[in-house]
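Grab your viewer and let's work through a few exercises. Try each one yourself before reading the solution.

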Amino acid sequence: MDRRLFLKDGLAGLLALGIGPVSASAATRQSAIPEAGRYDVVVCGGGPAGFIAAVAAARSGARTALVERYAFLGGMATSAYVAPISEFAFDGKLVIGGLPWEFVKRLEALGGAFVEWPKGNVDFDIELYKLCAQRMVLEAGVDLFMHSGVIGCETDGRRIEKILIENKNGIESIVGERFIDASGDGDLAHLARVPMQANPDGELQPASYCFVLSGVDTESELLRRYMYHNGRKGSSQCTPVREILMKLKEKGCDLPDFGGPWFNSVMHSGSVAVNITRSAADSCDNRNFTAAECRLREDIFKFAKALRDNVPEFRDSYVSSTAPQAGIRESRRILGVHTVTAEEYVAGIRYPDSISRGAHQIDIHASKGSGQVLIKLEQAAYVPYRALIADDFPNLLVAGRCISADRKALASLRVQASCMGTGQAAGFAAAQSIRENCAVQDIDTQRLADRLKAEGAIL
């Protein structure tokens, strides 16, 4: 037995001192932590990858828990206002189906989604997204632990036995047979000491703080042209407004670096979600990310004023809502059994263990300035199961932004439809590994592919 307790920095000392619900005795501190439940599958993170993973596991008969730090599901869609949901289709053909597409159709039936063909981008109502995701999770029988942050894990060797969460009840443990890290930042994998990809230059794609402007003339020719992202009318970047802003900067106007801008439908006349701000930021460093968000919040109102003062369609606009947090494009990525490379991805290499697809072009934003690199795919890409697992971690899978991919491949795989696809695969795989009584590395991947296809996945 090689039992270890891994905790976020600084927490070990508090536990040893017996602060909160924990015994002062170091020998008994672990057993003194209340147990919140025992599950077959525990999913950490309720974003696009996480809530889909939880539904997949639960529908496979696994007793499933989903841990989420906010009061709602949806991740970058609902906590960062990243819109639209990109991309479900390639050249007009659906390539990401199954549970993710079921979610889109259910959201559409609620009046909360509009699918833009041929790319399969999905405009959405932020609040109805939250509701639809919640309904799917609860209908599947998943136990929700909201307002809960993952702060530690206990392992036996490299097998995770339980996680520690913190919420208003104090510090609690959740025991699991299989764990899925869908935190975006690879938080659980990092705690469990899974090796991570290295960025030699230390650069990360910038964070963007999205917001909603209301009082916008959404019926104008400009907004009707640039508020939708079907690809039929060229770039989704609003070039006329970009040119106005660039000229203002050239004249010495105090405008920060920006991207786009991109204006996105929120399914309500007069309002648009705006993606324009950008700042270098490390979401895994609390001080760094806090400072970046403070800068970006100031920038929101600078850009709102610039639009109001210089673009007629925004003359009467105002900031009606800012996202709960800045949107994150890049952070931790595991070093998995296989790392998806940009060369493989762009060429559309089909792996023997392909379990999901990708349709969005590679999209790399500069951390400084207003630059952006776009690389088109030759065909819809594939994602292997091996990118969701790491060597020697027998009961851990990852899904979403933290899968094993190089920086360029990640610049496509980070989008929400792709995250949902890997989440679906991780959820079914976790439950399958329990049924097959084997490590996640040893499951029958053909059986997994068959199950995914039976659910509507397109492989």
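## Exercises on strands and helices

**Exercise 1.** Find the bridge partner of F211 in strand 15.

*Solution.* In this predicted model, look along strand 15 for the residue bridged to F211, and you land on T322. Now step back to the two strands: strand 12 covers residues 211-214, and its pairing with strand 15 is antiparallel, with 4 bridges.

**Exercise 2.** Work out the strand order of the open sheet of 4 strands, and say which strands sit at its edges.

*Solution.* Start with the order, which reads 13-14-12-15, and the pairing is antiparallel. Next, check for strands that pair on one side only: these are strand 13 (258-265) and strand 15 (318-322), the edge strands. Finally, look at the twist: ignoring direction, neighbouring strands in this sheet are turned by 30° against each other on average.

**Exercise 3.** Which strands does helix 8 lie across, and at what angle does it run to strand 13?

*Solution.* Pick out helix 8 at residues 239-250; it lies across strand 13 and strand 14 (271-277). Then take the angle to strand 13, which comes to about 150°.

**Exercise 4.** Describe the hairpin made by strand 6 and strand 7.

*Solution.* First the strands: residues 113-116 make up strand 6 and residues 121-124 strand 7, running antiparallel and joined by 4 bridges. For one pair across the hairpin, take V115, which faces V122 in strand 7. Then the turn: 4 residues lie between the strands, and G120 there has a positive phi of about 75°.

**Exercise 5.** Classify the packing of helix 12 against helix 13 as oblique or perpendicular, and give the handedness of the crossing.

*Solution.* Two numbers describe a packed helix pair: the angle between the axes and the distance between them. For helix 12 (residues 416-435) and helix 13 (residues 445-454), those are about 125° and 10 Å. That angle makes helix 12 oblique to helix 13. The crossing is right-handed. As for who touches whom, Q424, A425, F428, A429 and Q432 of helix 12 meet R447, L448, R451 and L452 of helix 13. Sorting the residues of this contact gives 5 nonpolar, 2 polar and 2 charged.

**Exercise 6.** Compare the radius of gyration of the protein with that of a compact globule.

*Solution.* For 459 residues, a compact globule would come out near 23 Å; the protein has 22 Å, so the two agree. For the outer dimensions, the C-alpha atoms fill a box of roughly 65 × 50 × 45 Å along the principal axes. Inside that, you can count 13 helices and 20 strands in the protein.

Technical notes: Residues are numbered from 1 along each chain as its sequence is written. This is a predicted model: local features need pLDDT of at least 70, side-chain atom pairs count only at pLDDT 80 or more; totals for chains, interfaces and linings use all residues. Side-chain values use heavy atoms; hydrogens and water are left out. Axes are lines fitted to C-alpha atoms, for helices over the stretch in contact, and angles run from 0 to 180 degrees between N-to-C directions. Angles under 35 degrees count as roughly parallel, over 145 as roughly antiparallel, 65 to 115 as roughly perpendicular and the rest as oblique. A crossing is left-handed if the near helix is turned anticlockwise from the far one by less than a right angle, and right-handed if clockwise. Contact means heavy atoms within 4.5 Å. Ala, Val, Leu, Ile, Met, Phe, Trp, Tyr, Cys and Pro count as nonpolar, Asp, Glu, Lys and Arg as charged, and the others, Gly among them, as polar. Two strands pair if DSSP finds at least two bridges between them. The radius of gyration is taken over C-alpha atoms; the globule rule is 2.2 Å times the number of residues to the power 0.38.
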